[in-house]
Amino acid sequence: MPLIFLDMEARLRMYTPPATTLFPLRPVDIGRELRELVPCESDPTLFDDLAAALAGTGPRDRALNLRDGRNLRRRVAPY
């Protein structure tokens, strides 16, 4: 399962190897802001959902239809 862990400033702290199938993540990206790594147009609601989760309003789930035809379920939740 692809998992990405961020700190409270939305900087990348850790990710699972399957996350690299969705995003071009590399070990040198640890500490970079998510906005630098993931283009907004790839998931227009991601950063709003991230802000809501960080504000404590609970997890946000969405169905995503990727340009390559894949359909995914994305969850943003505080950990």
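This briefing covers the strands, a helix, selected loop residues and the largest pocket of the structure above. The model is predicted. Two antiparallel strand pairs appear here: β1 with β2, and β3 with β4. The largest pocket holds about 1,200 Å³ of space.

**Hairpin β1–β2**

- β1 and β2 are joined by 3 bridges and run antiparallel.
- Leu-6 has Leu-12 of β2 as its bridge partner.
- The two strands make a hairpin, with 5 residues between them.
- Ala-10 sits in the loop between β1 and β2.
- Its phi is positive, at about 60°, although Ala-10 is not a glycine.
- Ala-10 has a relative accessibility of 15%, so this residue counts as buried, the cut-off being under 20%.

**Hairpin β3–β4**

- β3 and β4 are antiparallel and share 6 bridges.
- Arg-62 pairs with Arg-74 of β4 as its bridge partner.
- Ala-63 has Arg-73 of β4 as its bridge partner.
- This pair also forms a hairpin with 5 residues between the strands.
- In the turn, Gly-69 takes a positive phi of about 95°.

**Helix α2**

- Helix α2 spans residues 46-54.
- Its buried residues are Leu-46, Phe-47, Asp-49, Leu-50, Ala-52 and Ala-53.
- The cover over these buried residues includes β1 (4-6), α1, β3 (60-65) and β4 (71-76).
- Gly-56 follows just after α2 and has a positive phi of about 90°.

**Loop between β2 and α1: Thr-16**

- Thr-16 lies in the loop between β2 and α1.
- Thr-16 counts as buried because its relative accessibility is 18%, and the limit is under 20%.
- A polar atom of the Thr-16 side chain lies 2.8 Å from the backbone nitrogen of Leu-3.
- Leaving aside residues up to four places away in sequence, Thr-16 touches Met-1, Pro-2 and Leu-3.

**Loop between β2 and α1: Leu-25**

- Leu-25 belongs to the loop between β2 and α1.
- At 8% relative accessibility, Leu-25 counts as buried.
- Beyond residues up to four places away in sequence, Leu-25 touches Ile-4, Leu-12, Tyr-15, Ala-19, Thr-20 and Leu-37.
- Leu-25 and Glu-36 are 11 residues apart along the chain, and their C-alpha atoms are separated by 11 Å.

**Loop between β2 and α1: Asp-29**

- Asp-29 is placed in the loop between β2 (12-15) and α1 (34-37).
- Asp-29 is buried, with a relative accessible area of 1%.
- Its side chain makes a polar contact with the side chain of Arg-32, at 2.9 Å.
- Setting aside residues up to four places away in sequence, Asp-29 touches Leu-12, Pro-24 and Leu-37.
- Leu-12 thus recurs: this residue is the bridge partner of Leu-6, a contact of Leu-25 and a contact of Asp-29.
- Leu-37 is touched by Leu-25 and by Asp-29.

**Largest pocket**

- The volume of the largest pocket is about 1,200 Å³.
- It is lined by 35 residues, and the closest to its centre are Ile-4, Phe-23, Leu-46, Arg-74 and Arg-75.
- The elements giving two or more residues to the lining are β1, α2, β3 and β4.
- β4 gives the most, with 5 residues.
- By class, the lining has 24 nonpolar, 2 polar and 9 charged residues.
- Among the residues closest to the centre, Leu-46 is also one of the buried residues of α2.
- Arg-74, another of those closest to the centre, is the bridge partner of Arg-62.
- Ile-4, also closest to the centre, is touched by Leu-25.

**Segment after β4**

- Tyr-79 is found in the segment after β4.
- With a relative accessibility of 93%, Tyr-79 counts as exposed, since the cut-off is over 50%.
- Tyr-79 and Arg-11 are 68 residues apart in sequence and 14 Å apart in space, C-alpha to C-alpha.

Definitions and conventions: Residues are numbered from 1 along each chain as its sequence is written. This is a predicted model: local features need pLDDT of at least 70, side-chain atom pairs count only at pLDDT 80 or more; totals for chains, interfaces and linings use all residues. Side-chain values use heavy atoms; hydrogens and water are left out. Helices (H or I, at least four residues) and strands (E, at least two) are DSSP runs, numbered from the N terminus. Buried means under 20% relative accessible area, exposed over 50%, partly exposed in between (1.4 Å probe, protein chains only). A polar contact is a pair of N or O atoms within 3.5 Å; within protein, one must be able to donate a hydrogen and the other to accept it, and residues adjacent in sequence count only if both atoms are side-chain atoms. Contact means heavy atoms within 4.5 Å. Two strands pair if DSSP finds at least two bridges between them. On a 1 Å grid over the protein atoms alone, a cavity is a set of points where a 1.4 Å probe fits but cannot get out, and a pocket is an open set with protein on both sides within 12 Å along at least five of seven lines; lining residues have an atom within 4 Å of a point. Grid points are joined across faces, edges and corners, and a volume is the space filled by probe spheres set on the points. Ala, Val, Leu, Ile, Met, Phe, Trp, Tyr, Cys and Pro count as nonpolar, Asp, Glu, Lys and Arg as charged, and the others, Gly among them, as polar.
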